[in-house]
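Thanks for asking me to look this one over. Below are a few notes on helix packing, a strand pair and some backbone angles, in the order I would check them in a viewer.

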Amino acid sequence: MPIGPGHELMKPEANLLRELPSVDRVLTHPAAAPLLERYSRPFVTETLRGLLDDLRQAIKSGNDLPPDRLQDEFIITDLKEKLVRASRPGMVRLVNASGTILHTNLGRALLSEAAAEAVELVARHPVNLEFDLQQGKRGQREGAIESLLRELTGAEAAAVVNNNAAAVLLGLNSMAEGQNVIVSRGELIEIGGSFRIPEVMAKSGAVLREVGTTNRTHPRDYAEAIDENTGLLLKVHTSNYRVVGFSAEVELKDLVAIGRERGVPVMEDLGSGALVDLSELGLPREPLVGERVALGVDVVTFSGDKILGGPQAGLMAGGKSWIDRMNRNPLKRAVRCDKLTLAALEATLRSYVQSPDLLSEIPTLRAFSRPLEEIEEGGRKVLPLIRERLGPDYELELVDSTCQIGSGALPTEEIPSKGIAVRCSDLNAEQVARVFRRADPPVIGRIKNDRFILDLRSAGDPESLVPNLRSAQDGSER
């Protein structure tokens, strides 16, 4: 008997395809009404179409489906789950037990309570962002921040943009567009995200003029390279690596002296940027912004969300004429900060000026300075809670650990810490890490010597390490 063109409709899956409800039928079902009240109709409709397409493809692929799987009520239940998943934000809260305090991938510095409250206020209410309440007319956008930075650094003027890369770009463009900028070869850095000094300089319109060698640069190298086309001497703080051994660099004071003698301005990219002496916290000393200003640098740039402990921002402090030139540059508007960043930054800087206990107020500084005994005590208290949550297949141990500052700051320095090592009888370290990543909120640790480690210094609150797991023994983790 010949097989006609409609023969394929006699297959069992053809019956299942006919049982698939239409989009309109599902949307008019009473059980769908709450979804249409909670979400927009286009969003629900497109999600439903995707769900029905998935079911259609499963039928055509010969997958076995339960008999009630195509009923309207079950489809609406699946639709609700898909809508909830699609509505979750891309950024979710997590616990940073990675052993890196300023972890770039995890958002770097945590804001202080004062900074978080300031962000909430300006997010919820109109504010005098650019309005002078006394004069009743347009005001200065960064006035409060400039005043605080001048007080903290001793600079004549200051400004802020959205990150330090933007500050360097704006500085180069404002001070030396079309002119040579002299930089030591040992300071042509690359940081995370492929930010490279030569490429930023090219975008700025300035011309790179390299001097010295990778490991040794001398004052004469700068002096001999200066000519009528020189617009700027640039010093870059190598905060994310160290050159040791047979090496030499030109100190900022010597570079400033050369610049003054030859009439060439000097700018320094300080990178992380510290406003307090880290050596008082038991860490190696980082250059202080105020000290660099006092040495006579024309402009110094630094980050707000690293050692300073504020929001992502690029700060500039220095001579008034140069800062004014940057503020007049049309590029400044393209890289300016929004009101949320300005509010958080102002609150953070105000803490530096006014707080009687800065270490307890700024989370980053608190993480740097927490006594090891306090960290160990927290670990001992929380360890049995984690063990109880995970179950008998897991072995936990309080171990010595070290913590990094992160974000390119003090790359060779490790702060003593304590960690909780987690092992499982039938999971390897990576599988244990996935178990913790699936917690709510996710807990991010690190793997070392085939052990999953939860670092207690970077995590802050030890009780945050007790995972809220869907199932610690989830078979999908194997």
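**Notes on the model**

1. The axes of H6 (113-124) and helix H15 (residues 339-354) come within 8 Å of each other, crossing at roughly 150°. Please keep in mind throughout that this is a predicted model. The crossing of H6 past H15 is right-handed. Two packed helices are described by the angle between their axes and the distance between the axes.

2. Which residues make this contact? On the H6 side they are Ala114, Ala115, Ala118, Val119, Val122 and Ala123, and they meet Lys339, Leu340, Ala343, Ala344, Ala347 and Thr348 in H15. Sorted by class, the contact of H6 with H15 has 10 nonpolar, 1 polar and 1 charged residues.

3. Just ahead of this helix in the chain, have a look at Arg108, in the loop between strand E1 (95-96) and helix H6. Its phi is near 55°, a positive value in a residue other than glycine. Most residues other than glycine have a negative phi. Is Arg108 buried, partly exposed or exposed? With a relative accessible area of 21%, Arg108 is partly exposed, because buried would require a value under 20%.

4. Now to the strands. E16 (446-448) and E17 (451-455) pair in the antiparallel sense over 3 bridges, and Ile447 stands opposite Phe452 in E17. Together E16 and E17 form a hairpin with 2 residues between them.

5. In the turn of that hairpin sits Asn449, with a positive phi of about 55°. Like Arg108, Asn449 is a residue other than glycine with phi near 55°. Asn449 counts as exposed, with a relative accessibility of 64%, because the cut-off for exposed is over 50%.

6. How many residues of E17 are buried? The count is 5 of its 5 residues, and the strand is mostly covered. In a regular strand the side chains alternate between the two faces of the sheet. For E17, Arg451, Ile453 and Asp455 lie on one side and Phe452 and Leu454 on the other, and all of them are buried, leaving both faces covered. Arg451 and Asp455 are charged residues by class, and you may like to view them within this buried set.

7. One last backbone item: a cis peptide bond joins Asp440 and Pro441, with omega about 5°. Most peptide bonds are trans. Where is Pro441 found? Pro441 is in the loop between helix H19 (429-437) and strand E15 (443-444).

Terms used: Residues are numbered from 1 along each chain as its sequence is written. This is a predicted model: local features need pLDDT of at least 70, side-chain atom pairs count only at pLDDT 80 or more; totals for chains, interfaces and linings use all residues. Side-chain values use heavy atoms; hydrogens and water are left out. Helices (H or I, at least four residues) and strands (E, at least two) are DSSP runs, numbered from the N terminus. Buried means under 20% relative accessible area, exposed over 50%, partly exposed in between (1.4 Å probe, protein chains only). Axes are lines fitted to C-alpha atoms, for helices over the stretch in contact, and angles run from 0 to 180 degrees between N-to-C directions. A crossing is left-handed if the near helix is turned anticlockwise from the far one by less than a right angle, and right-handed if clockwise. Contact means heavy atoms within 4.5 Å. Two strands pair if DSSP finds at least two bridges between them.
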